[in-house]
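Hi,

Here is the structure I said I would pass on. Have a look at it first, and my notes on what turned up follow below.

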Amino acid sequence: MLNQPEPACLVIADITGYTTFLVGAELDHAQDILADLMSTVVAALRPTFKLAKLEGDAAFVYVITDTVDGPQLQDTIEHCYFSFRRRLRDIGNASTCECNACMLVPRLDLKVVAHHGQVIRQRVAGREELVGSDIIVVHRLLKNHVIESTGILAYALYTEACIQTMSLADPAAGGLIEHREPFDGVGEIGGWVRDLTAAWADENRRSPVIVTAKETRIEIEAILPAPPPIVWDWVTSPVRRPRWQYAVDQVDERAATAGRRGAGTVNHCIHGKDAIVEEVLDWQPWDYVTYRTLLPIPNVPKISSTYQFEDLGDGQTRLVLRFAGARLARDRAILEPLLPTIEMMFRTGLDKIRPLIEHDAATRAAAAEVAPPEPAVPASAARNFQAPIPARVG
């Protein structure tokens, strides 16, 4: 029986400047640096995406899906770019070598193309190969005129097909720039561009907003059996939250930026006739999110909380919820009697979310067992630097 076409989100992350870098660099160190950076890129895209193929200085990944969570896709791609830029910085800081390869590292950058279309999965020599016209399209789009037409050096290009599947009605309002590419034999392909260089600059300018240990009045911890991106999705998605959050019937999301979740987004968590109003103060996938919450109770002060996601490195995530107390004495007198109820609500919610995440993780594991293995990602020998420097917030 022939394999049938399936809908898929296709993403290629391509290291730019690598050919020039390779020409002027020592080969062994250049290969080490490429392996290190490709490993960083692939790790940042997993487990949302599955690696289809490594193509020299590019990683081609995909996920079989007929719908795309637009905010999550953009968060994933920007998280990948931030991880790449931090790794470039860390290699430069940690390097003990002054060869051309190590000196030229800062000139490397990343571009990403995202498309949605039909694919056919085939097994070839025990490996999985994707075929179809949309595979050709996403690869052809790597050779584009984005830099010439926009002046943007590092970018994410979302095709119109991808934008439609993301249900992003007004990409311009979401900060994207329209772009069109003519291709012989394919026709004109429309798309929208996100300036990743500007996003990285914003990331470095921001000031973290976190509930500190000193401010914390309630701390709740749970070890959940999935990596941070999956746990993050279950904890923050307005679609998933009513499935586990105590007494929440639905979550109405009002984004500050069209098609994005992040700082400034306001959520209305509906409880029957009442609503808890929740403002996002800081949004750092997949590290932490900070909220400021107003309960539907007269005179109760707003409550700040931070949800922190720690990757334990074994397919598990430590989730820590920290809730701040009130600063003023009159506010503390109102809030303190409510704290045991608030703690009960969130502990009950975490008890409900655990089996949901366990089922999700088990389903993914079962699918991975019967699927062909992903291509191996070459490991860096780290001949050009002593040790990686842990990524830090900001």
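Serine 305 counts as buried because its relative accessibility is 2%, and the cut-off for buried is under 20%. Bear in mind that this is a predicted model. You'll find serine 305 in strand S14. Which residues does serine 305 touch, leaving aside its neighbours within four places in sequence? Its contacts are Val211, Val289, Thr290, Tyr291, Arg322 and Phe323. Arginine 292 sits 13 residues away from serine 305 along the chain, yet 6.5 Å separates their C-alpha atoms.

S14 (303-311) comes up again when you look for empty space inside the model, since it supplies at least two residues of the lining of the largest cavity. Searching the whole structure gives 3 cavities of 30 Å³ or more. The largest of them holds about 230 Å³ of space. It is lined by 17 residues, and those closest to its centre are Gln245, Ile276, Thr293, Leu295 and Phe346. Besides S14, strands S11 (266-271), S12 (274-284) and S13 (288-294) and helix H11 (339-370) each put at least two residues into that lining. As for its character, the lining has 12 nonpolar residues, 4 polar ones and 1 charged.

The second largest cavity has a volume of about 50 Å³. Around it you'll see Gln72, Asp75, Trp232, Asp233, Thr236, Arg261, Trp283 and Trp286. By class that comes to 3 nonpolar, 2 polar and 3 charged residues. Helix H3 (70-94) and helix H9 (228-236) each give at least two residues to this lining, with H9 providing the largest share, 3 residues.

Then there is H11, the helix that helps line the largest cavity. H11 has 32 residues and runs 47 Å from its first C-alpha to its last, close to the 46 Å expected at 1.5 Å a residue. Where along H11 are the buried residues? They are Leu339, Ile342, Phe346, Gly349, Leu350, Ile353, Leu356, Ile357 and Asp360. For reading that list, remember that an α-helix has 3.6 residues a turn, so residues three or four places apart point the same way. Phe346 is worth picking out: it is buried in H11 and is also one of the residues closest to the centre of the largest cavity. The cover over the buried residues of H11 includes strand S9 (216-224), H9, S14, strand S15 (317-324) and helix H10 (329-335).

Shout if you'd like to go through any of this together.

Cheers

Definitions and conventions:
Residues numbered from 1 in each chain as written. Predicted model: local features only at pLDDT ≥ 70, side-chain atom pairs only at ≥ 80, totals over all residues. Heavy atoms only, no water. 1 Å grid on protein atoms, 1.4 Å probe; cavity = no way out; pocket = protein on both sides within 12 Å on 5 of 7 lines; lining within 4 Å. Points joined across faces, edges and corners; volume = space filled by probe spheres on them. Helix = DSSP H or I, 4+ residues; strand = E, 2+ residues; numbered from the N terminus. Nonpolar A, V, L, I, M, F, W, Y, C, P; charged D, E, K, R; others polar. Expected span 1.5 Å × (residues − 1). Buried < 20%, exposed > 50% of the residue type's maximum accessible area, 1.4 Å probe, protein only. Contact = heavy atoms within 4.5 Å.
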